[in-house]
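Got the viewer open? Let's take a walk through this one, a stop at a time, with something to select at each.

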Amino acid sequence: MKFYLALFLCCISFTALAEEVPDETIYTALMPEYTVVEATEIPSPTPVPPALAPEAIEVPTADEMVPAQEEEEVFEAEATPAPHLVIPEGTLAISDSSFLNNEQITKITLPDSLEKIGSHAFEGCVNLEEITLPPHILVFGDDALRDCTSLTSATVLEGSQVLGKGAFQNCASLQSVSLASSLVAMGDSVFSGCTALTEIALPEQLYAVPRQAFSDCQSLAAIVLPQNVRAIGSMAFNGCNDLAQVEIQGSLIDIGESAFENCSPDLIFTVSDENTKHLLIQAGVSEKAITLK
């Protein structure tokens with residue numbers, strides 16, 4: 001009997017304690033406190049540059065580089081354009097494959113507002129002869145001007161940072177290209193098959209020559225690799241039959257397979273350090289063909 005009386009008194013005590021603490025106080029005590037942060041307060045992450053090893057070079061895609069644009073800001077071909085195509089000011093992007101294989105266009109004028117040229121946007125425009133890329137192009141999509149066989153010159157203005165894979169591939173009439181000093185990366189095969197290209201000045205900020213970048217550029221006679229270039233991708237200059245002079249101003253850390261195969265038998269390299277000389281010898285270049293300055 002005493003046991004049941006004690007148990008009854010304990011139940012009364014617990015009930016009294018529960019009634020003394022308001023429900024909301026107990027709930028608050030159990031819930032952790034959170035601080036709500038507005039989305040605009042979160043800083044964007046700093047882009048990490050691609051690895052220097054040429055086989056690991058990855059040029060960002062259009063979707064990775066530029067956020068989706070509003071529908072009215074994207075230019076899409078709706079009808080057969082005139083020979084001189086003028087993209088209106090205010091346009092931010094040209095969608096993928098907009099003018100793919102269009103044989104009417106001979107000249108293109110692009111607005112300063114443009115930030116993105118989609119993949120294959122002007123590929124196969126075989127009668128296109130002239131184009132100047134506006135400043136601040138964030139994305140130059142893969143194969144954007146591939147197979148534009150009548151294109152003789154191209155200018156990439158300051159502010160542009162990336163050229164996509166195969167951007168000018170097989171532009172067989174392309175003789176001269178002016179690249180922006182702001183350019184830091186190019187995709188694989190970017191100028192591959194440009195058989196009429198005789199010279200090109202690479203920008204100082206470029207950190208690697210990607211795979212097959214200038215393969216089969218049969219008229220290219222000389223090239224200077226700037227101080228910041230650290231890697232040359234496989235077959236980068238393969239098939240450059242007239243290539244007779246290569247100056248490497250920086251210190252390389254890697255040279256890909258067959259990077260200088262099928263070039264001129266008189267090809268001479270000028271390098272700035274022993275490490276680069278050693279890498280060239282490993283790549284199959286004769287020591288007699290290397291000058292250390």
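Start with the whole protein chain in cartoon view: there are 4 helices and 19 strands to find. Keep in mind that you are looking at a predicted model.

Now colour by burial. Of the 293 residues in the protein chain, 42% are buried. Switch on the surface and you have about 15800 Å² exposed, with carbon and sulfur atoms supplying 53% of that area. If you like contact maps, take the contacts between residues at least 6 apart in sequence: 27% of them join residues at least 24 apart.

**Stop 1: the aromatic rings**

Show the aromatic side chains next. The structure holds 7 aromatic pairs. Select Phe99 and Phe122 to see one that is stacked, with 5.5 Å from centre to centre and 5 degrees between the planes. This pair ties together distant parts of the chain, 23 residues apart. Phe99 sits in the loop between strand 3 (93-94) and strand 4 (107-109), while Phe122 is in the loop between strand 5 (116-117) and strand 6 (130-133).

Are these two rings buried or exposed? Phe99 has a relative accessible area of 3%, so it counts as buried. Phe122 is buried too, at 1% relative accessibility.

Move on to Phe168 and Phe191. Why does this pair count as stacked? Because the planes are at 10 degrees, with the ring centres 5.3 Å apart, and the cut-off for stacking is under 30 degrees. Here again the pair links distant parts of the chain, 23 residues apart. Look for Phe168 in the loop between strand 9 (162-163) and strand 10 (176-178), and for Phe191 in the loop between strand 11 (185-186) and strand 12 (199-200). Phe168 is buried at 0% relative accessible area, and Phe191 is buried with 0% as well.

Keep those two selected and add Phe140, Phe214, Phe237, Phe260 and Phe269: ring pairs link these residues with Phe168 and Phe191 into a cluster.

**Stop 2: a pocket**

Leave Phe260 and Phe269 on screen and turn on pockets. Which residues lie nearest the centre of the second largest pocket? They are Phe260, Leu267, Phe269, Gly284 and Val285, out of 15 lining residues. The volume of this pocket is about 220 Å³. Colour the lining by class and you should get 10 nonpolar, 4 polar and 1 charged residues.

**Stop 3: Ala259**

Select Ala259, in the loop between strand 17 (254-255) and strand 18 (268-271). It is buried, with 3% relative accessibility. Setting aside neighbours within four places in sequence, Ala259 makes contact with Ile232, Gly233, Met235, Ala236, Phe237 and Asn238. For a distance label, try the C-alpha atoms of Ala259 and Gly284: they are 9.7 Å apart, though the residues are separated by 25 places along the chain.

**Stop 4: Thr195**

Finish at Thr195, which you'll find in the loop between strand 11 and strand 12. Its relative accessible area is 28%, so Thr195 is partly exposed. What does Thr195 contact, leaving aside its neighbours within four places in sequence? Ala172, Asp216, Gln218 and Ser219. One last label to add: the C-alpha atoms of Thr195 and Cys240 are 8.7 Å apart, with their positions 45 residues apart along the chain.

How values were computed
Residues are numbered from 1 along each chain as its sequence is written. This is a predicted model: local features need pLDDT of at least 70, side-chain atom pairs count only at pLDDT 80 or more; totals for chains, interfaces and linings use all residues. Side-chain values use heavy atoms; hydrogens and water are left out. On a 1 Å grid over the protein atoms alone, a cavity is a set of points where a 1.4 Å probe fits but cannot get out, and a pocket is an open set with protein on both sides within 12 Å along at least five of seven lines; lining residues have an atom within 4 Å of a point. Grid points are joined across faces, edges and corners, and a volume is the space filled by probe spheres set on the points. Ala, Val, Leu, Ile, Met, Phe, Trp, Tyr, Cys and Pro count as nonpolar, Asp, Glu, Lys and Arg as charged, and the others, Gly among them, as polar. Helices (H or I, at least four residues) and strands (E, at least two) are DSSP runs, numbered from the N terminus. Buried means under 20% relative accessible area, exposed over 50%, partly exposed in between (1.4 Å probe, protein chains only). Contact means heavy atoms within 4.5 Å. Accessible areas come from the Shrake-Rupley method with a 1.4 Å probe; for residues, only the protein chains shown count as cover. Rings of Phe, Tyr and Trp (its six-membered ring) pair if their centres lie within 6.5 Å; planes under 30 degrees apart count as stacked, over 60 as edge-to-face and the rest as tilted.
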